[in-house]
Amino acid sequence: MGRVVAGSDPVLRFRGAVSLQHGPGWVTPWRLPHEEARLHLPEGGIGRAAMPAGVRVTLRTDSTALTCHYQADPAPRLNGPQERPVLDVRCDGRHTESVLLRADGHDARFRVALPGRPVLVELWLPTYHQFRLRSLVLDEEAAVVREDRDRPRWVHYGSSISQGRGAGSPSRAWAALVAERAGLDVTSVALGAACCLQPMTARLMRDLPADLLTACVGINIQALGSHGPDAFTSALVGFVRTVRDGHPETPFAVMSTIVAPDREDVPGPSGLTIKECRERTYSAVELLRSHGDMNLHYVDGLDVFGPDQAPLLLEPEGIDRLHPGPEGHPVFADRFLAALRRSGCLPACVSQ
């Protein structure tokens, strides 16, 4: 049968998870404290926090193969094409295989070959499907060691654009690519359709360990009408100040919305256009800097993914173009990382 490692075995690490929920024979990662999920998202959308975007199960082993026993739930119906339940396997930072999971809530398994020498194995969990790990099965005599890398911690907040919608697979979403290229340990608190500067999310970021903080704000606020113009500025100022209670000097980059060709000049329910959201984001950052927060930086979303990159957006029939497609995510990653370098807010210890 081989060596069985239960999902709850401490030899496994769930990098990028905020909390772990344990059930009968399984463990599932959450990107917020799962006991407080209703406090964070009282009006619904809780399932997004249980989607393990950016979460990876890590271990070191010399096994020749790995069998993963799991359960995955169907993703909720989204506008546009349905996201596929894909899991990536990486060995020593190299992409080994992308596995299309069975997402029907029942016990399932997959098997992948490993090099048979000591390597770091990372299972990048699916972006838009909830996932429960039951166990991993390795060679009977294989060594299994807890992964103990100490990388700078990066906490990122955003919408479905940041959660990774449209990427070819979990480890090829733009935030995952930035983390790999810069040597960062990413924790994503990006929740599709729920990036509205909620105070509970600011409190969460305040309390998470972080060497770099970033946020991309505006698109959900404009689309849902959660804030009017003045309230948007006030909410962003309060959000940043709350995070600063726990990270007073940590480099913090706030990015405005990337290009949204179908919405740039279209007022949302509260009257805000995408252009006005960018102006308000810039003004809020400058206001905070004028009050002494010189480690806070503004990144213009159009400098990262602007009109020239619009052809790389997904174009689902009848739906606004908002999300980079598979070819767009690597471009987004390159340009976002370049923007962080220009702003000088990358921690000195990360890969430049």
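User: What does "buried" mean for a residue here?
Analyst: Buried means under 20% relative accessible area, exposed means over 50%, and partly exposed covers what lies in between. The model is a predicted one.

User: Why is Cys216 called buried?
Analyst: Cys216 has a relative accessibility of 5%. The limit is under 20%, so Cys216 counts as buried.

User: What makes Cys345 buried?
Analyst: The relative accessible area of Cys345 is 0%. Buried requires a value under 20%, and therefore Cys345 is buried.

User: How do you know that Cys216 is in no disulfide?
Analyst: A search of the whole structure finds zero disulfides. For Cys216, the nearest cysteine sulfur is that of Cys195, 7.0 Å away. A disulfide needs two cysteine sulfur atoms within 2.5 Å, so Cys216 is in no disulfide.

User: What makes Ala193 partly exposed?
Analyst: Ala193 has a relative accessibility of 46%. Partly exposed is the class between under 20% and over 50%, so Ala193 counts as partly exposed. Ala193 lies in the loop between S14 and helix H5 (199–207). Its phi is positive, about 65°, although Ala193 is not a glycine.

User: Is Leu197 buried or exposed, and how do you know?
Analyst: Leu197 has a relative accessible area of 5%. Buried means under 20%, so Leu197 is buried. Leu197 is found in the loop between S14 and H5, and has a positive phi of about 60° although it is not a glycine.

User: Why is Thr233 called buried, and what does Thr233 touch?
Analyst: At 14% relative accessibility, Thr233 is under the 20% limit, so it counts as buried. Thr233 is found in helix H7 (residues 229–244). Leaving out residues up to four places away in sequence, Thr233 touches Arg280 and Ala284.

User: What makes helix H4 mostly covered?
Analyst: Helix H4 spans residues 174–182, and seven of its nine residues are buried. These are Trp174, Ala175, Ala176, Leu177, Val178, Ala179 and Ala182. They pack against strand S10 (119–124), strand S13 (153–157), helix H3 (160–163), strand S14 (185–188) and helix H10 (328–343). Just after H4, Gly183 takes a positive phi of about 70°.

User: How many cavities of 30 Å³ or more does the structure hold, and what is known of the largest?
Analyst: There are two cavities of 30 Å³ or more. The largest holds about 80 Å³ of space. Its lining includes Ser162, Gln163, Ala175, Ala176, Val186 and Ser188. H3, H4 and S14 are the elements that give two or more residues to this lining. By class, the lining residues of the largest cavity are seven nonpolar, five polar and no charged.

User: What makes the lining of the second largest cavity one with a charged residue?
Analyst: The second largest cavity has a volume of about 40 Å³. Arg31, Leu32, His40, Val189, Leu191, Thr201 and Leu204 line it. Arg counts as charged, and by class the lining has four nonpolar, two polar and one charged residues.

User: Why is the pair of Tyr70 and Phe110 called tilted?
Analyst: The count of aromatic pairs comes to nine. In the pair of Tyr70 and Phe110, the ring centres are 5.9 Å apart and the planes stand at 50°. Rings pair if their centres lie within 6.5 Å, and planes neither under 30 nor over 60 degrees apart count as tilted, so this pair is tilted. Tyr70 in strand S6 (residues 65–72) and Phe110 in strand S9 (residues 108–113) are 40 residues apart, and the pair links distant parts of the chain.

User: Are Tyr70 and Phe110 buried or exposed?
Analyst: Tyr70 has 3% relative accessibility and counts as buried. Phe110, at 8%, also counts as buried.

User: What makes the pair of Tyr70 and Phe131 stacked?
Analyst: The ring centres of Tyr70 and Phe131 are 5.6 Å apart, with 10° between the planes. Stacked means planes under 30 degrees apart, so the pair is stacked. This pair too links distant parts of the chain: Phe131 is in strand S11 (residues 131–138), 61 residues from Tyr70. At 1% relative accessibility, Phe131 counts as buried.

User: Which residues do ring pairs link into a cluster?
Analyst: The cluster consists of Trp154, Trp174, Phe305, Phe332 and Phe336. Of these, Trp174 is one of the buried residues of H4.

Terms used:
Residues numbered from 1 in each chain as written. Predicted model: local features only at pLDDT ≥ 70, side-chain atom pairs only at ≥ 80, totals over all residues. Heavy atoms only, no water. Buried < 20%, exposed > 50% of the residue type's maximum accessible area, 1.4 Å probe, protein only. Helix = DSSP H or I, 4+ residues; strand = E, 2+ residues; numbered from the N terminus. Contact = heavy atoms within 4.5 Å. 1 Å grid on protein atoms, 1.4 Å probe; cavity = no way out; pocket = protein on both sides within 12 Å on 5 of 7 lines; lining within 4 Å. Points joined across faces, edges and corners; volume = space filled by probe spheres on them. Phe/Tyr/Trp six-rings, centres within 6.5 Å; stacked < 30°, edge-to-face > 60°.
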